[in-house]
Amino acid sequence: MPNKVTKNDLVDAIYQKTKCEKQVIQSVVDSFLMEVKSSLEEGSTIELRGFGTFESVLRKEKKSARNPKTGKVFTVPAHYVAKFKPGKELKESLLKKEFNIKND
């Protein structure tokens with residue numbers, strides 16, 4: 001299993017399981033992501049039972065952030081960020097996951 005899964009990887013995986021046309025799957029995935037984005041922009045919470053909840057939250061202003069490369073201190077204005085909280089079923093499935101940790 002790759003460490004990074006792209007949107008095309010998701011489309012291919014769904015295609016393998018459903019044998020629906022890839023164009024239809026691509027359209028559904030794109031529509032789903034656009035709907036999540038627009039709902040978050042409107043301030044809505046998206047709840048996908050068993051998977052998790054997406055919401056937009058206001059991050060406070062930081063008065064003294066520092067660029068580590070230049071050392072310049074600046075202010076980061078308050079802004080909204082997307083937040084994801086995993087659902088119970090997702091949490092439980094990840095707790096059961098076995099990790100293959102390599103000792104170097």
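**Exercise 1.** Find which helix gives the most to the lining of the largest pocket.

*Solution.* Start with the helices, which are DSSP runs of H or I with at least four residues, numbered from the N terminus. Both α1 (7–18) and α2 (22–41) supply at least two lining residues each. The winner is α2, with six residues.

A quick note before going on: this is a predicted model, where local features need pLDDT of at least 70, side-chain atom pairs count only at pLDDT 80 or more, and totals for chains, interfaces and linings use all residues. Residues are numbered from 1 along each chain as its sequence is written, and side-chain values use heavy atoms, with hydrogens and water left out.

**Exercise 2.** Work out how the lining of the largest pocket divides into nonpolar, polar and charged residues.

*Solution.* Go through the lining, which includes Lys7, Leu10, Val28, Phe32 and Phe54. Next, sort by type: Ala, Val, Leu, Ile, Met, Phe, Trp, Tyr, Cys and Pro are nonpolar, Asp, Glu, Lys and Arg charged, the others, Gly among them, polar. You end up with 11 nonpolar, no polar and one charged.

**Exercise 3.** Track down the salt bridge partner of Asp30 and say what the pair ties together.

*Solution.* Look for a side-chain nitrogen of Lys or Arg within 4 Å of a carboxyl oxygen of Asp or Glu. Lys7 fits, with the closest N and O atoms 2.8 Å apart. Asp30 sits in α2 and Lys7 in α1, so the bridge ties together parts 23 residues apart in sequence. In total, the structure holds four salt bridges.

Key
1 Å grid on protein atoms, 1.4 Å probe; cavity = no way out; pocket = protein on both sides within 12 Å on 5 of 7 lines; lining within 4 Å.
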